[in-house]
Amino acid sequence: MEGGNSPNLQLQQLPLATAAVSVQPHTDSFSYKENLIGALLAIFGHLVISIALNLQKYSHIRLAGSKDPRAYFKTKTWWCGLFLLVLGELGVFSSYAFAPLSLIVPLSAVSVIASAIIGIIFIKEKWKPKDFLSCGLAIVGTYLLITFGPNSHEKMTGENITRHLVSWPFLLYMLVEIVMFCLLLYFYKEKNANYIVVILLLVALLGSMTVVTVKAVAGMIVVSIQGNLQLDYPIFYIMLVCMIATAIFQATFLAQASQLYDSSQIASIGYILSTTVAITAGATFYLDFTGEDVLHICMFALGCLIAFLGVFLITRNRKKSVPFEPYISMDAMPGMQNMHDKGIAVQPDLKASFSYGALENNDNMPEIYTPATLPIVQEQHGSKGVSAPPYRVLEHSKKE
C-alpha cells in the first residue's frame, strides 16, 4: 500500500511547487515597485527640504539687509519654509516604510544637489564648469543607487523587528558601535579632540540608530494602516523613544560642529560618514543585501562612491563667506593695540555663516565693503611746515 500511494503523493506535490515558482516573479515586480515608491518619496522629500531651507535663509538675508524691525519668525517667507520643511521630512520618513534602508539613506545627496542648483537660480551664486561636472557625478551616482539598490522586503511587524533586534549579528554590531562611541566621546570631551571627523563620526553613529528606528516606526505605522495593527507592541514605543533620543543628540553634536567648521565641510564629510555607517547598520539589522548577487552589490557600491565624489566636489568649491565688518580695523592703526589689553585683538571675529540652505554665501560681495582704514601720520617734533595729522596716537605709560 505504501508503494502504491507514494507516486500519488509525489504527483500531488508537483502543482504546489509549480505554484510557488509562479508567485516569485509577481513578488519581484511588486518589490521593485515598492523600491520606486520609496525612492521617489525620498527624492521628493529632500527636494522640498532644500527649497524650505533656502526660503528660510532668504528670509534671514532679506531682514538683515533691510530696516525691517520684525523678527524672522514673524515673516510669511519663514513660515512657508517651515511648512515645506515639515512636508519634506514627512516624505523622507514615509519613504523608509517602502524601500530598504540602504537604498534610502544615500539619496540624501539630492539635498546637496538641489541646494547648489537653487543657489545658482535664486541667490545668484557663481558657478564654474567643474561645478556642473560635480553635480553630474552626484546625479549619476544617485541613478546607480536607485537602479542597483537592494531589493529585500519584509513586513515591519512587531515579531520581525523583535527577531532582528535580538539577532547575534546586530548585537555584535551594537557592541562595536557602543565601544566606538564611548571612545570618541572620551577623546572629544576629555582630550578636547575637536576634529571634524571625530564630531561627525559621533553624529554618524547616532544617525545609524536613528534611521534603523525610523524604518521600524514608519513600517509599523504603514502595516497598521493596512489593517494589521502593530501599535500595541511594546517594541514600537521602544523604537519611537530611541528615534527621538538619538535625533536630539545628533542635532546637538551637529550644532557644535557648525560652530567650529564651515557648513560645506560638514555637508560633505557628514554625508560620507553617515551614509557609510547607516548602510552598515541596515545591512546588519534588516539584512538588506541578503540574496543579492555580486554584480548588484558592486554596482551599488560604485554608485555610492560616485555620489560621495560628486558631493565632495560640490561642497569643496564653496567659499566661506566673509561678512561685512562695519568698523575700523584696529590692526591697521600702529600703536593702537598697545592701549588695549597688551596687543590682544579686542574686536569680534565675525566669521560665522548660515549653516543651512545653499552651500555658498555672499561670494559676490563687492570689494568696497572691506574694512575701512584711516591714514596715520606720526607726530613730528621740531619740524616746521608739516601739516597737522588727522589724529595723534598717544602712548601711555604707568606712573609709579
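Helices (H or I, at least four residues) and strands (E, at least two) are DSSP runs, numbered from the N terminus. The model is predicted: local features need pLDDT of at least 70, side-chain atom pairs count only at pLDDT 80 or more, and totals for chains, interfaces and linings use all residues. Residues are numbered from 1 along each chain as its sequence is written, and side-chain values use heavy atoms, with hydrogens and water left out.

**Exercise 1. Overall fold**

Task: State which pattern the protein follows along the sequence, and how many helices and strands it has.

Solution:
- Step 1. Count the elements. The protein has 11 helices and zero strands.
- Step 2. Read along the sequence. The pattern is α-α-α-α-α-α-α-α-α-α-α.
- Step 3. Take the contacts (heavy atoms within 4.5 Å). Among those between residues at least 6 apart in sequence, 81% join residues at least 24 apart.
- Step 4. Turn to the surface, by the Shrake-Rupley method with a 1.4 Å probe; for residues, only the protein chains shown count as cover. The accessible surface is about 23,600 Å², and carbon and sulfur atoms hold 68% of it.
- Step 5. Apply the burial classes: buried is under 20% relative accessible area, exposed over 50%, partly exposed in between (1.4 Å probe, protein chains only). Of the 400 residues, 38% are buried.

**Exercise 2. Nonpolar cores**

Task: Describe the largest nonpolar core and find which element gives the largest share.

Solution:
- Step 1. Fix the term. A nonpolar core is a set of buried Ala, Val, Leu, Ile, Met, Phe, Trp, Tyr and Cys residues joined through side-chain atoms within 4.5 Å.
- Step 2. Recall the background. In soluble globular proteins, nonpolar side chains tend to be buried together.
- Step 3. Size the core. The largest has 52 residues, and Tyr96, Ile161 and Phe253 have the most contacts inside it.
- Step 4. List the elements giving two or more residues to this core: helix H1 (2-64), helix H2 (76-95), helix H3 (101-104), helix H7 (168-189), H8, helix H9 (234-260) and helix H10 (263-285).
- Step 5. Pick the top contributor. H8 supplies the largest share of this core, 17 residues.
- Step 6. Look beyond it. Another core, of 16 residues, lies apart; Ile113, Trp127, Leu145 and Ile279 are among its members.

**Exercise 3. Thr213**

Task: Is Thr213 buried or exposed, and what does its side chain reach?

Solution:
- Step 1. Locate Thr213. It sits in helix H8 (residues 196-225).
- Step 2. Classify it. Thr213 is buried because its relative accessibility is 5%.
- Step 3. Follow the side chain. It reaches the backbone oxygen of Thr210 at 2.8 Å.
- Step 4. Leave aside neighbours within four places in sequence. Thr213 then contacts Met239, Cys242 and Met243.

**Exercise 4. Charges and cysteines**

Task: Find which residues form the salt bridge, and how many disulfides a search of the whole structure finds.

Solution:
- Step 1. Recall the principle. Side chains of opposite charge can pair when their charged atoms come close.
- Step 2. Set the cut-off: a side-chain nitrogen of Lys or Arg within 4 Å of a carboxyl oxygen of Asp or Glu. The structure holds one salt bridge.
- Step 3. Name the pair. Arg163 bridges to Glu154, with the closest N and O atoms 3.6 Å apart.
- Step 4. Check exposure. Arg163 is partly exposed at 45% relative accessible area; Glu154 is partly exposed at 32%.
- Step 5. Search for disulfides (cysteine sulfur atoms paired within 2.5 Å). The whole structure yields zero.
- Step 6. Compare two cysteines. Cys80 is partly exposed at 38% relative accessibility, whereas Cys304 is buried at 8%.

How values were computed. A polar contact is a pair of N or O atoms within 3.5 Å; within protein, one must be able to donate a hydrogen and the other to accept it, and residues adjacent in sequence count only if both atoms are side-chain atoms.
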